[in-house]
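Good morning, and thank you for coming. Please keep the sequence and the structure in view while I speak.

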Amino acid sequence: MPSRRTFNTGLLAMLGSTALAGCAGTGMRETTRITAIDTHAHVFERGLPLANARRYAPAYDAPLSAYLAQLDAHGVSHGVLIQPSFLGTDNSYMLAALRQASQRLRGVAVIDPTAPDTFLTQLNAEGIVGIRLNLIGAPDPQLKSPVWQAALGRLHALGWHVELHVEARRLPALLQPLLEAQVNVVVDHFGRPDPALGVDDPGFAALLAAGRTRRVWVKISGAYRNGANPRGEAIAQAAMPRLKDALGLDRLVWGSDWPHTQFESQMDYDKAWAFASVLLPSAADRQQVLVDTPAQLFRFA
């Protein structure tokens, strides 16, 4: 595996120098040139109001300043904040973070499907580009119901995507109504194939087949969520050529999954960034997946 220094040097040489200007009064840096985009991270602090239905709540802080420090240390110019499931539909903490680094960040929110147009329009103005359905431990939403059909119509009008975090076996039932509603879909963490089946999971095969629509993207992130390493990383490496063939590199994006909730003792940003060089061995692949594809999908370009 190439060292972090080797990977950083090669990537930055390929993409050129980063022009950074100080963000007055915040100590944070805004960037005008994209060197890489981390499309999956969370920010939060202890003491925030928690969702009633939650699987987990971290007993530590992961503030924006710590996340931006990770980006800076690894030569990553931009990031996408994902609303943590344990904060439910209260996106206020994430929105405050977006305001502090509006040129550098975008966000993916969690909403109630009855949210009105005025609310969604405001979120759009604040840098939100999609919604997330984190369905691990939760039932499938009734996406063909009138409430959800109306919501999906509003998302389509805004040009937002729907991000799915769900086990691969459940993807066929969820992808169909989303695609029929003409929204783009981003699937988390290699599609979450069953660790025992890996790329032989029928749900993963359904994800590959959905690539023919050209409206499905996959995050090559959180490999450790598909089985304890080295199993998770082995599945990720086996999945890459299949995803590349079925979806194309222009439908793949990378995410660190920082701060690696529930896997903090096993993973850190250094390891996540280094594994990107394993998954994307060529400079051309890195340019596409780390820069070109996410810049368009998350509206940085």
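H4 passes H5 in a right-handed crossing. This is a predicted model, and that applies to everything I describe today. The axes of H4 and H5 are 11 Å apart, and the two helices pack at an angle of about 35°. On the H4 side, the contact is made by Asp117, Leu120 and Asn124, and on the H5 side by Arg154, Leu155 and Leu158. By class, the residues of this contact are three nonpolar, one polar and two charged.

For those who are new to such descriptions, two packed helices are described by the angle between their axes and the distance between the axes.

With that in mind, let us turn to a second pair, helix H8, residues 231–246, and helix H9, residues 269–279. Their axes come within 10 Å and cross at roughly 35°. The crossing of H8 and H9 is right-handed. Which residues meet here, in H8 and in H9? From H8 there are Glu233, Ala236, Gln237 and Met240, and from H9 there are Phe275, Val278 and Leu279. In this contact, five residues are nonpolar, one is polar and one is charged.

Let me now step back to the whole protein. It has ten helices and ten strands. The chain holds 301 residues, of which 55% count as buried. About 12,200 Å² of the protein is exposed, and carbon and sulfur atoms supply 53% of that area. If we take the contacts between residues at least 6 apart in sequence, 74% of them join residues at least 24 apart.

I should like to look at some individual residues, beginning with threonine 39. This residue is found in strand S3, which covers residues 37–41. Is threonine 39 buried or exposed? Its relative accessible area is 0%, and therefore threonine 39 is buried, the cut-off being under 20%. Its side chain reaches the backbone oxygen of tryptophan 254 at 2.8 Å. Beyond its neighbours within four places in sequence, threonine 39 is in contact with several residues, including Val80, Ile82, Lys219, Pro294 and Phe298.

Next, please find arginine 104, in the loop between helix H3, residues 92–100, and strand S5, residues 105–109. Arginine 104 counts as buried because its relative accessible area is 2%. What does the side chain of arginine 104 join through a polar contact of 2.5 Å? The partner is the side chain of aspartate 72. A polar atom of the arginine 104 side chain also lies 3.2 Å from the backbone oxygen of valine 76. Valine 80 is 24 residues from arginine 104 in sequence, and their C-alpha atoms are 8.6 Å apart in space.

Glutamate 126 lies in another loop, the one between helix H4, residues 117–125, and S6. The side chains of glutamate 126 and glutamine 122 are joined by a polar contact of 3.1 Å. Not counting residues up to four places away in sequence, glutamate 126 touches Leu95, Leu98 and Arg99.

Alanine 138 follows, in the loop between strand S6, residues 128–134, and helix H5, residues 146–158. With a relative accessible area of 28%, alanine 138 is partly exposed. Its C-alpha atom is separated by 9.6 Å from that of arginine 55, although the two residues are 83 residues apart along the chain.

Finally, I turn to the backbone itself. Where is a cis peptide bond with omega of about 15°? It joins asparagine 229 and proline 230. Proline 230 is found in the loop between strand S9, residues 216–220, and H8. The peptide bond from tryptophan 258 to proline 259 is also cis, with omega near 0°. Proline 259 is in the loop between strand S10, residues 252–254, and H9.

Histidine 260 lies in that loop between S10 and H9 as well. Although it is not a glycine, histidine 260 has a positive phi of about 60°. Histidine 260 counts as buried, at 2% relative accessibility. Histidine 189 is also a residue other than glycine with a positive phi, here near 50°. Histidine 189 lies in the loop between strand S8, residues 184–187, and helix H7, residues 202–210. At 1% relative accessibility, histidine 189 counts as buried.

Thank you for your attention.

Terms used:
Residues numbered from 1 in each chain as written. Predicted model: local features only at pLDDT ≥ 70, side-chain atom pairs only at ≥ 80, totals over all residues. Heavy atoms only, no water. Helix = DSSP H or I, 4+ residues; strand = E, 2+ residues; numbered from the N terminus. Buried < 20%, exposed > 50% of the residue type's maximum accessible area, 1.4 Å probe, protein only. Polar contact = N/O pair within 3.5 Å; in protein donor to acceptor, adjacent residues only side chain to side chain. Contact = heavy atoms within 4.5 Å. Axes fitted to C-alpha atoms, helices over the stretch in contact; angles between N-to-C directions. Left-handed = near helix turned anticlockwise from the far one by under 90°. Nonpolar A, V, L, I, M, F, W, Y, C, P; charged D, E, K, R; others polar. Areas by Shrake-Rupley, 256 points an atom, 1.4 Å probe, with all protein chains shown as cover.
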